[in-house]
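Trainee: Could we go through this model together? I should like to begin with the overall fold and then turn to the interface.

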Amino acid sequence: MNGRLHEPEEGRGTAKMKVLLALEGEYRTYMEAMAAAIREFRPHMEVVAISGSLEDLEAETKRLEPQLIICSPPVPENPVDERLALIELSPDSAQSTNFRVGERHWQSANPTLGEILSVVDETKGLFRASREQRG
Amino acid sequence: MDKDRKRILLVAAHNAFRESLASRLSQEEDLEVAWQAGSVADTRDIHLDGIDVAVIDPLLPDGDGMVLIREVSVANPNALALVFSPRLDQAVYNQALGAGAVDVLPTDTPVEDFIDAIRRTGDSG
């Protein structure tokens, strides 16, 4: 498995980062398992998992204000794309998954859980930096 | 090895999905994901002795995972198979059960129900 599974010490902080996981209902088993895995390996996060329409995703994004959204494409531009980080996770392993953390974009074919957790860590770093800047 | 724990072979193409499911299953005291594979070829590389339950998503990049149901049972007659997939219709059900699967589940199943189905499959032998 690529990426880090266990949380680096320096990644822990008092502010709780929020992750919204939103996949189509037909992948509910996998989505709930992924939410549980993120909670297990990154216990200092708030992880919310929903399955529903794009409108549901938009509404939950406005309510929760997550720093990271992991969702299946297509992704609505607002307010979802305004978050610190976004993973457009393709449920089809043959299709690339799109990653964005801050201004950095990349693609990965059939990413591992470790790659997802690395993005969680990187997003948390940005989140902490943005909080420190705001004082 | 704890004899009361069910040892699971988990076969699914999507790395993050499969690894997440393995992580979730391993939180259960009576379950252990002992092997993972993302393709037919990877599964054939595994020494299948000792498997209690094979959980197979048949949509694999190098072939139809249904063939693995028979191969697992030939390699280990005590192993029981559970098929799960986002694309299930009557033909898939019939194919899976005809190949010897004990149960067939869609991937929109709540994960707790999915875990119960694995236990039922393991207990049905």
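**Fold and contact of chain B**

Mentor: Certainly. In this predicted model, chain B is built from five helices and seven strands.

Trainee: What pattern does chain B follow along the sequence?

Mentor: Reading along the sequence of chain B gives β-α-β-α-β-β-β-α-β-α-β-α.

Trainee: And what does the C-alpha trace of chain B span along its principal axes?

Mentor: The C-alpha trace of chain B extends over about 35 × 30 × 30 Å along those axes. The radius of gyration of chain B is 13 Å, which agrees with a compact globule, because a globule of 125 residues would have a value near 14 Å.

Trainee: How much of chain B is buried?

Mentor: Of the 125 residues in chain B, 48% are buried. As for contacts in chain B with a separation of 6 or more, 58% are between residues 24 or more positions apart.

Trainee: Changing topic, how many residues does the contact take from each of chain A and chain B?

Mentor: Chain A contributes 22 residues to the contact, and chain B contributes 19 residues. On the side of chain B that touches chain A, the elements giving two or more residues are helix 1 (15-25) and helix 5 (111-123) of chain B.

Trainee: Which element gives the most to that side of chain B?

Mentor: Helix 1 of chain B does, with eight residues.

Trainee: How do the residues on that side divide into nonpolar, polar and charged?

Mentor: The side of chain B that touches chain A has nine nonpolar, seven polar and three charged residues.

Terms used
Residues are numbered from 1 along each chain as its sequence is written. Chains are lettered from A and ligands numbered from 1 in the order in which they are written. This is a predicted model: local features need pLDDT of at least 70, side-chain atom pairs count only at pLDDT 80 or more; totals for chains, interfaces and linings use all residues. Two residues are in contact if their C-beta atoms, placed from the backbone, lie within 7 Å. Helices (H or I, at least four residues) and strands (E, at least two) are DSSP runs, numbered from the N terminus. Ala, Val, Leu, Ile, Met, Phe, Trp, Tyr, Cys and Pro count as nonpolar, Asp, Glu, Lys and Arg as charged, and the others, Gly among them, as polar. The radius of gyration is taken over C-alpha atoms; the globule rule is 2.2 Å times the number of residues to the power 0.38. A residue is buried if 20 or more other C-beta atoms lie within 10 Å of its own, exposed if 12 or fewer, and partly exposed in between; C-beta atoms are placed from the backbone.
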